[in-house]
Amino acid sequence: MVLCPVIGKLLHKRVVLASASPRRQEILSNAGLRFEVVPSKFKEKLDKASFATPYGYAMETAKQKALEVASRMHQKDLRTPDMVIGADTIVTVGGLILEKPVDKQDAYRMLSRLSGKEHSVFTGVAIVHCSSKDRQLHTRVSEFYEETTVKFSELSEELLWEYIHSGEPMDKAGGYGIQALGGMLVESVHGDFLNVVGFPLNHFCKQLVELYYPPRPEDLRQPVQHDSIPAVDTFEDLSDVDGGGSEPAQRETGSCDEKAEAGAAGQATAEAECHRTRATLPPFPTRLLELLDGFKLSKALLTACKLKVFDWLKDEAPQKAADIASKVDASACGMERLLDVCAAMGLLEKTEQGYSNTETANLYLASDSEYSLHGFMLQNNDIIWNLFTHLEFAIREGRNQHHRVLGKKVDDLFQDAYYRSPETQLRFMQAMHGVAKLTARQVANAFDLSRFSSACDVGGCTGALARELAREYPRLQVTVFDLPDVVELAVHFQPAGPQAAQIHFAAGDFFRDPLPSAELYVLCRILHDWSDDKVHKLLSKVAESCKPGAGLLLVETLLDEKREAQGSLIQSLNMLVQTEGRERSRGEYQCLLELHGFHQLQVVHLDGVLDAMLATRAAP
Ligand SMILES: O=c1[nH]cc([C@@H]2O[C@H](COP(=O)(O)OP(=O)(O)OP(=O)(O)O)[C@@H](O)[C@H]2O)c(=O)[nH]1
């Protein structure tokens, strides 16, 4: 839904968000804006003392971020963007400007400064309109800022450090994330909440309205104040050629290298007329159409992974579509379209010399990179995609769809489906390994586990989490307990390193065989695979193996109590299609754990959709 119809003006424009902040991406895409993400390489090192105000500093940084991206894209790309958006969020307290902490000590210094006091959060935003004439880039900049005041409670040392150890402060201005755990530190907020999160959406929409719908001449005679986003509820003309008003009026605030005055009165009147005649049409269903296209984008990503496009481009000079096509036995015309889509999705960079990997592709999509998700992509392409094509049956029948994909009965989910052949098993393990590596460090850091000297990672697969636990707690001995076939293949995933001596593998079936003894049991993304009956069975086995004081570390995706968060809900649907289980809420896990004698539940939300929970076994 596009509540701010002016966003429809930008539908056919090439809009670029010059920001790596996932929060800014989420805020703008939730608002229905269609944009590409090109993080800025501008180093945030302007001399703060040279600015009269903190917001002046934030606006200038935002502008430099956006201009850097605009000029890089103009030089490298075949098509200059129409609009580049940059933003910078800072916190000010006692005359000091706080940005993102550089390490935990820095986070500590920042948060202690904020404790018990009120501070301001400023986000500077720059909207850079770009055009290209005679190969020269021309820019016009509109900039603004928003201020929100936030008051923190008094923070105890313990709370402070617990929060810092959650890892959340590190990429956030002022060292806290108001939208997540950091919200617990906040007593009151005055002003725009999203401004604190990183992007003042309301002010941004008003700014767009000012740019694209300048007041009519008669309105200019009286001062007009927009207390809210004007409801210009029209179906916008999306064409760039018929004078439908896709260009902003030349009315920027702040600095610009082509300063322009308010839009010409004639143009303004024509625009206003245009809105009035179309006022009865509904808003363009941008978000809906994006949702519809979602599966095509996913399939393009998965196909590029399957064809190893990102491997061919890793550490190479830019290559043409035809070169890649010949390497993977594909048509040049098909490959060009695929690569163009990958570039539009921000996975490749396209220049006159050809295509090259973006940092994201090098990091996560090349199959040999340290944090590769290539195996996970193949699992999605080869297995999960097929299961999802039977979603309708899954909904009607309330069960997974392996039987339909495989054309035979599936009694044992793992032996009959995921591990039905050595190849499928290896691919499954590669997928799990990639995901586990990405999240394991956060899991290991979520709680202080130093009181335990032995742990058993039940269903621990390749041992990726065991490795991080061993790294974080050098006196911890970790047993990875998994099916014999898994243990046999797990040797292929063991890097050399000092942790090897702390990790042992034990073969067995956690529903049938006794569990290795340990002071801490770990169940990472295991319970969500199983029905309530089987979860009870497994938890009672764990409980029987535990002495009082033993710990149980669960890692799962928690459903929010209101069942509103899309990320966890889609995971639960995923579980329906793939497994015998489902995602559960914190309350449901708490009941399950308490039934089996585990109490004192603590929960830490991790990046992405995972949550870590730690409970302690009480005396029976
Ligand atoms: O409560 C919250 N406060 C702030 C944030 C996030 O903090 C960062 C602010 O940093 P900056 O403006 O420099 O932006 P970057 O993340 O470095 O991305 P750019 O590429 O745009 O420079 C921002 O991500 C906020 O979202 C928060 O999440 N919660």
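Here is a quick tour of the ligand site, the seven-stranded sheet and the strand pairs in this structure. Keep in mind that this is a predicted model. The ligand has 21 residues around it, and the protein buries 94% of the 580 Å² that the ligand exposes when taken alone. Elsewhere, seven strands make up an open, mixed sheet, with helices α19 and α21 packed against its strands.

**Around the ligand**

- Ser19, Arg24, Lys65, Lys100 and Val197 are the closest of the 21 residues that surround the ligand.
- Lys100 puts a side-chain N or O atom 2.3 Å from an oxygen atom of the ligand.
- For Lys65, the corresponding distance from a side-chain N or O atom to a ligand oxygen is 2.6 Å.
- Arg24 also brings in a polar side-chain atom, 2.7 Å from an oxygen atom of the ligand.
- With the protein in place, 94% of the ligand's 580 Å² of exposed area gets buried.
- If you're sorting the shell by element, α1 (22-30), β3 (83-93) and α5 (193-197) are the ones that supply two or more residues.
- β3 gives the most, with three residues.
- Sorted by class instead, the shell holds eight charged, seven nonpolar and six polar residues.

**The seven-stranded sheet**

- Reading across this open sheet, the strand order is β12-β11-β10-β13-β14-β18-β17, and the pairing is mixed.
- The edges belong to β12 (503-507) and β17 (598-605); each has a single partner strand, so one side of each is left without a neighbour in the sheet.
- On average, neighbouring strands here are turned by 20° against each other, direction ignored.
- Inside the sheet, β10 (residues 454-458) and β13 (residues 520-524) run parallel and are joined by three bridges.
- One residue pair to look up there is Ala455, whose bridge partner in β13 is Leu520.
- At the β17 edge, β17 and β18 pair in the antiparallel sense over six bridges, and Val604 has Ala612 of β18 as its bridge partner.
- The hairpin of β17 and β18 has five residues between the strands, and Gly608 takes a positive phi near 75° in that hairpin.

**Helices on the sheet**

- α19 (residues 464-472) packs on the sheet and touches β10, β11 (477-482), β12 and β13.
- The direction of α19 makes about 170° with that of β11.
- α21 (residues 532-545) lies across β13, β14 (551-556), β17 and β18 (611-617).
- Relative to β13, α21 runs at about 160°.

**The β5, β6 and β7 strands**

- β5 (residues 118-133) and β6 (residues 136-152) form an antiparallel pair with 16 bridges.
- Within that pair, Ala126 is bridged to Glu143 in β6.
- The β5-β6 hairpin has two residues between the strands, and Asp134 takes a positive phi near 50° there.
- β6 also pairs with β7 (residues 186-190), running antiparallel and joined by four bridges.
- Val150 stands opposite Val189 in β7.

Terms used. Residues are numbered from 1 along each chain as its sequence is written. This is a predicted model: local features need pLDDT of at least 70, side-chain atom pairs count only at pLDDT 80 or more; totals for chains, interfaces and linings use all residues. Side-chain values use heavy atoms; hydrogens and water are left out. A residue is near a molecule or strand if one of its heavy atoms lies within 4 Å of it. A polar contact is a pair of N or O atoms within 3.5 Å; within protein, one must be able to donate a hydrogen and the other to accept it, and residues adjacent in sequence count only if both atoms are side-chain atoms. Accessible areas come from the Shrake-Rupley method with a 1.4 Å probe; for residues, only the protein chains shown count as cover. Ala, Val, Leu, Ile, Met, Phe, Trp, Tyr, Cys and Pro count as nonpolar, Asp, Glu, Lys and Arg as charged, and the others, Gly among them, as polar. Two strands pair if DSSP finds at least two bridges between them. Axes are lines fitted to C-alpha atoms, for helices over the stretch in contact, and angles run from 0 to 180 degrees between N-to-C directions. Contact means heavy atoms within 4.5 Å.
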